[in-house]
Amino acid sequence: MTEIKAIRGFNDILPGEIGKWQFVENTAREVFEGFGFSEIRIPILERTELFARGIGEATDIVEKEMYTFTDRSGNSLTLRPEATASMARAYLEHQLHSFDPVAKLYCIGPMFRYERPQKGRYRQFYQIDAEVFGVDNPMVDAEVIHMLIHFLRRVGLERLELQINSLGCRECRPRYREELKGFLTKRSFRLCEDCQRRLETNPLRILDCKVESCQEAIAGAPKVTDYICEQCRKHFDRVKEYLAMAGLSFILNPRMVRGLDYYTRTAFEVISYQLGSQNAVTGGGRYDNLFQEIGGLDIPGIGFAVGMERLVSLLPAGKGFVQNPSLFVAALGDEALKEAYRIVSQLHLEGIRAELDYEGKSLKSQMRRADKLKARYVLIFGEEEFKRGRAVLRNMETKSQEEIPLQGVLNTLKKRIIGD
RNA sequence: GUGAGUGUAGCUCAGUUGGAUAGAGCACUGGGUUGUGGCCCCAGUGGGCGAGGGUUCGAGUCCCUUCACUCACCCCA
């Protein structure tokens, strides 16, 4: 029998680290709700077409990274590679705009992309998504970014860098694209192999190529922000203004490019230099064309996705996320063990973490286990005391112990455990 | 999809120019204290060296193939 292991890029999150995940999720819920967002849960499977149209046929995600299969009735389905398209679909399908044109939604859950795993990148990975549909006012751009930064601070992350850029709209971006292409074509002999190809497929991507010779070739290249139209320029100026009003500092990165087709105007990323090569903890932006691609209505949107495993990996180690038992009951002898079981069961009903040894091992080994589990108290429940109607309660930290009567043990224990 | 690195007990690793029953520390179990933890001491369980093939009298050590993991590229959270 060969051992069955989890498939490539799919990881288990074990009890030792789950505390961090719960902490991050709880903080996100609290912060986002405070900013007026509501949770939405969407399916993990969608019709392939939703992503193909929403994200863009020519993107890497759609071209080579989707988990797509045909179900038993012949429909092409895809495990969601991101949440935004599904959230937009849900918004349209249930006509949420008829309740209020502005919808502030967030969603937490796994995404799937068939990529080669590496540090900070897995085939199943978790994202926290927040989106605002229905407003294109720059004030919302700033508000969303403000919420994001506030969330990251609440989670305890320091030394992060907020980068912003404007990608222009469908009117002005093509102009810039041509301009850039023209500039780079003259210097194409200095570009790496990948960038030679990108010159045709996606010239903007060349801007953040890491190859040195490419960086040199890019020097002096036209900047997006110099080519965007009047409306886009105004929009971007207001975003910066509102960000400043919120007291946020940011770095303008005219070379930041987003890989999904639907992004327009504001784009942003939060970078950590403590991560590996995949250093974006979160990324997002405005997408005023997405809705038209998938449904027809002209609804603007803006949002971001936080990469949970990247975020969790930045959290300080330890920090009391592990839950330890409050009480360990060490019983000796069958009768005492039965009584111990009764007591522990009662404590569980009160929500008190209590453990006992089921195997009837020696007191020494039970004490060892209690110590290993870092139990605060041990109730020693031997046959002698049991006959006398008493038990010994030991405080594992102070090493002091006292004899308590069996009558009313539950109350005594509750008082001791909850009391301090 | 491409490239590089790694693959020996649950974990971290050591295994000399291929040589005799594969090691250490930690962890685990038991004992030293016939009913008491974390330190210490003693003992024990546990792998046949990712898998398959080859070279050889003999391979964890050499060659080939394959798989897995890691990091990086592409791209993204």
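Two strands are said to pair if DSSP finds at least two bridges between them. With that in mind, please look at Ala130, whose bridge partner in β11 is Phe304. The model before you is a predicted one, and I shall begin with its sheet.

Ala130 and Phe304 belong to the pairing between β6 and strand β11, residues 301–307, which are joined in the antiparallel sense over seven bridges. Strand β5, residues 103–112, is also joined to β6, by ten bridges, and these two strands likewise run antiparallel. Within that pairing, Ala103 has Phe133 in β6 as its bridge partner. As for its surroundings, β6 is mostly covered, since eight of its ten residues are buried.

We may now step back to the sheet as a whole. It is an open sheet of eight strands with mixed pairing, and the order is β1-β5-β6-β11-β10-β9-β7-β8. The edges are occupied by β1, at 38–39, and β8, at 251–252; each has a single partner strand, so one side of each is left without a neighbour in the sheet. Further along the order, strand β7, residues 160–166, runs antiparallel to strand β9, residues 264–272, and seven bridges join them. Glu161, for instance, stands opposite Ile271 in β9. As a general point, the side chains of a regular strand alternate between the two faces of the sheet.

I turn next to the helices, beginning with α2, residues 48–55. Is this helix enclosed by the rest of the structure, or left open? Six of its eight residues are buried, so α2 is largely enclosed. The buried residues are Thr48, Leu50, Phe51, Ala52, Gly54 and Ile55. They pack against several elements, among them β2 (45–47), α3 (60–65), β3 (67–70) and α11 (290–294). Directly after α2 comes Gly56, which has a positive phi, near 115°.

Another of the elements packed against α2 is α4, residues 84–93. Met87 lies in helix α4, and at 0% relative accessibility this methionine counts as buried. Which residues does Met87 touch, not counting those up to four places away in sequence? They are Ile40, Ile42, Leu105, Tyr106, Cys107, Asp129, Glu131 and Phe133. Phe133 has already been mentioned, as the partner of Ala103. To give a sense of distance, the C-alpha atoms of Met87 and Leu243 are separated by 26 Å, and the two residues are 156 apart along the chain.

Two further helical residues deserve a word. Thr225 is found in helix α9, residues 224–227, and counts as buried at 15% relative accessibility. Leaving aside neighbours within four places in sequence, Thr225 is in contact with Asn165, Ser166, Arg233, Phe236 and Pro254. Met367, for its part, lies in helix α14, residues 363–372. Not counting residues up to four places away in sequence, Met367 touches Val378, Ile380, Arg394 and Met396. From Met367 to Arg177 the C-alpha distance is 70 Å, with their positions 190 residues apart in sequence.

Let us now consider the cysteines. How many disulfides does a search of the whole structure find? The number is zero. Cys169 is in no disulfide, and its nearest cysteine sulfur, that of Cys232, is 3.5 Å away. For Cys172, the closest cysteine sulfur is in Cys169, at 3.7 Å, which is too far for a bond. The cut-off that matters here is that the two sulfur atoms be within 2.5 Å. Cys169 is buried, with 14% relative accessibility, and Cys172 is buried as well, with a relative accessible area of 1%.

Finally, I come to the second largest pocket, which holds about 320 Å³ of space. Its lining comprises 19 residues, and those nearest the centre are Trp21, Tyr122, Glu309, Arg310 and Ser313. Which elements each supply at least two residues of this lining? They are α1 (15–34), β6 (124–133) and α12 (308–314). The largest share, five residues, comes from α12. By class, the lining has seven nonpolar, seven polar and five charged residues.

In closing, β6 links several parts of this talk: this strand pairs with β11, is joined to β5, and supplies residues to the lining of the second largest pocket.

Terms used: Residues are numbered from 1 along each chain as its sequence is written. Chains are lettered from A and ligands numbered from 1 in the order in which they are written. This is a predicted model: local features need pLDDT of at least 70, side-chain atom pairs count only at pLDDT 80 or more; totals for chains, interfaces and linings use all residues. Side-chain values use heavy atoms; hydrogens and water are left out. Helices (H or I, at least four residues) and strands (E, at least two) are DSSP runs, numbered from the N terminus. Buried means under 20% relative accessible area, exposed over 50%, partly exposed in between (1.4 Å probe, protein chains only). Contact means heavy atoms within 4.5 Å. On a 1 Å grid over the protein atoms alone, a cavity is a set of points where a 1.4 Å probe fits but cannot get out, and a pocket is an open set with protein on both sides within 12 Å along at least five of seven lines; lining residues have an atom within 4 Å of a point. Grid points are joined across faces, edges and corners, and a volume is the space filled by probe spheres set on the points. Ala, Val, Leu, Ile, Met, Phe, Trp, Tyr, Cys and Pro count as nonpolar, Asp, Glu, Lys and Arg as charged, and the others, Gly among them, as polar.
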